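Biologist: Please take a close look at the cysteines here, and set them against the chain as a whole. How many disulfides does the count come to?

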Amino acid sequence: MTHNIRKAAVIGSGTMGGGIAALLAGVGIETLLLDIPAPGTSADDEFTTRNAIVLGNVERLKKSRPASLFHSADLDLITVGNTEDDLEKVAEADWVVEVVIEKLDVKQALMARLAEVLKPGAIVSTNTSGLPLQNIAEGLGDDFTRRFIGTHFFNPPRYLHLLEVIPHSNTAPEVIEAITEFGTRVLGKGVVICKDRPNFIGNRLFSLTSSFTTNYALDHGFTVAEVDNLTGPLIGRPKTATFRLFDLVGIDVAGHVSENLYHLIPDDEARDVLIHEGAAQMFKNIVERGWLGNKSGQGFYKRVDTEAGREFWTLNLETYEYEAPTKPRFDSVGKHRKVEDVGERIKLLINEDDRAAQFLWHIHAFYLAYASNRIPEIADTLVSIDNAMKWGFSHQLGPFEIWDVIGVQETISAFNDAGYRVADWVLDMVEGGHPTFYQYDDSGLKIGYYDPVKGEYIPLEDNPREITVEALRAGKITIAVSPDAGVPDVVTDNLRRTSSGVLASNSSAAILDMGDGVGLYEFHSKQNSIDGDTVAMGFRAVEMLEKGDLEALVIGNDGERFSIGFNIMLAVMAVQGGELGQLEDGIKQLQALTQALRYASRPVVTAPFNMALGGGAELAMAGVQTVAHAELYIGLVEVGVGVIPAGGGCKELLRRVVNPVMRDPHGDALVPLRQVFETIATAKVSTSAKEARELGFLSDNDRIVMNRSHLLGEAKRVALHLADGYTPMRPGKVWAAGRDAHAALLLGIQGFVEGGYATEYDAHIARKLAYVLTGGAVTEPQWVDEQVILNLEREAFMSLVKEEKTMARIQHMLQTNKPLRN
């Protein structure tokens with residue numbers, strides 16, 4: 001049976017249920033959201049009274065931060081009700097997701113009721129975080145259990161990439177396939193197939209390893225600050241590290257999970273770490289004080305306002321007093337913290353001999369050995385475990401990837417001698433001539449993984465939708481099958497390799513071969529900031545397009561951020577060195593590049609994601625079409641450093657937002673002009689790609705991709721489609737609203753100053769911006785060449801960059817990474 005999911009129902013509207021409903025609505029799925037009716041009410045009561053619980057949770061959903069909704073309009077796709085009056089409406093759903101309280105009897109009773117109303121072929125899943133699926137669906141028969149499955153989202157569902165899919169023993173293969181495909185392509189998740197074991201993969205490993213880390217810290221006198229300093233970005237994990245993560249999850253929740261899990265895993269050799277006496281007492285003491293973490297305002301950390309500003313004090317684990325923050329210092333960390341490759345950094349750190357090195361050695365020894373012993377209990381493949389930890393907890397490397405880097409054979413004996421027993425299959429692997437968990441090619445790319453059952457390497461399946469910079473650099477490219485019409489598809493059989501995929505490269509950017517005549521203009525400077533080398537490589541890409549060396553170009557990369565914009569340190573150096581002419585030439589070059597890319601003879605497609613700020617936003621708008629990741633935070637933020645956009649940003653937002661209105665003979669420019677002005681003057685940054693479209697950074701024709709791993713692949717598909725019979729765009733005109741509109745903007749600026757919303761220098765910058773956006777306050781509204789606006793924005797930039805207060809803003813940003821309001 002083919003499962004086409006167009007409508008869904010979510011039962012349970014709490015934080016997780018509401019988040020899942022928001023995610024489904026965000027990808028265009030009509031969603032029914034149900035919860036229990038308000039206590040003491042009947043079906044005869046007013047709708048708002050009867051449904052107070054679900055409506056209250058929707059209100060909280062609207063206000064959640066980070067935002068659960070991609071756009072407020074997504075709420076239009078969510079219909080609410082309650083499980084007593086509206087359960088029959090579930091019959092319209094193609095997929096029903098149960099997200100009610102983690103009590104087996106409650107879930108069983110609900111499933112029995114659902115079995116009576118589900119339409120034939122509808123899939124039903126539970127979002128349980130650990131209750132056995134066999135028990136939840138007990139006694140419900142073959143027809144129900146064949147379409148019953150576990151779908152464990154991680155909170156918040158919009159942002160965390162992992163979706164654990166847990167088949168029931170009777171789940172039909174086509175249901176597993178449907179949920180996996182829908183989760184991957186439509187919801188953009190990294191799907192991992194798990195076994196029906198307590199806490200599945202991610203939370204099982206997290207619970208045990210975080211408990212061990214806490215226990216070791218308490219036993220060896222480590223402070224909260226020291227532990228979080230050592231278990232965060234230093235070893236490729238998020239800044240939340242260990243104790244900050246407890247605060248985020250909820251200290252009461254963390255303790256409760258450990259206590260419950262202990263009883264569910266009687267055969268787990270390491271389960272005693274969950275009931276460490278010192279840790280259990282510590283959690284009890286903290287919870288009794290009401291310090292539950294972020295939700296109570298304090299936990300292992302407490303925000304304190306001091307004369308120096310806001311500080312986060314840490315809890316002394318012996319006295320339970322909060323102490324002013326200190327920066328932990330360790331010789332090993334100071335020696336190796338700047339090593340770029342995280343795996344190599346871990347290897348160097350654990351081979352030092354100070355306290356930090358000993359701590360890191362022991363937590364990794366436990367982590368890696370424990371992961372090895374969970375195969376085949378919780379997963380059949382080591383790839384599933386690695387992906388679960390990377391996708392669910394934002395670790396850069398999974399345990400088996402780390403082990404490969406630090407050396408498998410080199411560490412087995414040491415781990416065993418220290419009491420961290422390595423699984424027998426790992427010894428068999430090494431003794432059988434397989435030195436690593438993954439098989440690598442000559443360029444270092446993973447091509448296979450070790451299967452403990454077969455005792456050999458199994459090829460990793462190439463996903464034709466995924467294109468990575470690492471693979472392109474190694475010459476591994478995909479060749480598309482050209483269909484008669486539509487966007488070409490990409491097939492695994494057509495993967496091929498060249499000696500190198502690098503067509504051109506410098507210190508900040510490169511042009512890589514994506515196959516089929518498509519090039520990738522890729523950034524790799526620090527935070528992908530834009531400098532002269534970035535621009536030079538862009539012109540090289542344009543040259544290759546014009547010569548026919550490339551049929552199309554994609555602008556994108558695999559960095560953490562698309563681009564944070566122009567390297568403002570260059571502006572400081574130019575001003576201090578008296579090289580303003582050189583700085584202006586650089587701005588001219590950036591303007592010329594964005595124009596050359598947009599009007600190239602062959603199509604340019606941009607693929608922005610995460611942060612695309614300032615000049616990064618200007619490059620993101622430089623193509624004829626954009627394929628954006630759903631999590632796109634784009635904005636022209638230059639006013640924060642005392643200047644205005646000057647790489648074509650002012651011109652481009654006018655062209656995108658004001659021009660369409662003014663093509664109507666009766667159009668009024670002031671409303672869209674104010675939108676552009678406010679977007680730039682307030683340094684507004686979109687909170688999603690949907691909001692970016694509303695602000696004008698994306699057009700209605702631009703595509704939004706949910707799965708970041710598919711972004712470059714989808715951008716290539718679009719580029720190939722455009723390249724077939726492409727007609728280049730020509731520079732057009734931009735509407736200059738003129739003197740009267742300029743006066744209206746100035747009046748608004750003055751109102752902001754008088755109301756205390758803007759400083760005098762904010763107003764000074766805003767007046768420069770208003771002048772640019774109105775075409776230099778021309779006497780009469782008129783269409784002007786794009787170059788007119790480009791010249792005006794560059795002149796305003798150069799005027800502002802020479803001012804003392806602008807320099808103060810730039811230097812403050814460089815020192816603190818925060819804007820200065822002066």
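Modeller: The cysteines come first, then the chain around them. This is a predicted model, in which local features need pLDDT of at least 70 and side-chain atom pairs count only at pLDDT 80 or more, while totals for chains, interfaces and linings use all residues. Residues are numbered from 1 along each chain as its sequence is written, and side-chain values use heavy atoms, with hydrogens and water left out.

A disulfide is a covalent bond between the sulfur atoms of two cysteines. Taking it as a pair of cysteine sulfur atoms within 2.5 Å, the count comes to 0 disulfides. Cys194 counts as buried because its relative accessibility is 4%, where buried means under 20% relative accessible area with a 1.4 Å probe, protein chains only. Cys650 is buried as well, at 0% relative accessibility.

As for the chain, 55% of the 822 residues count as buried. The secondary structure comes to 32 helices and 29 strands, read as DSSP runs (helices H or I, at least four residues; strands E, at least two). The C-alpha trace spans about 80 × 70 × 65 Å along its principal axes. Its radius of gyration is 28 Å, which agrees with the value near 28 Å for a compact globule of 822 residues; that rule is 2.2 Å times the number of residues to the power 0.38, over C-alpha atoms. Of the contacts (heavy atoms within 4.5 Å) between residues at least 6 apart in sequence, 69% join residues at least 24 apart.

Definitions and conventions
Buried < 20%, exposed > 50% of the residue type's maximum accessible area, 1.4 Å probe, protein only.
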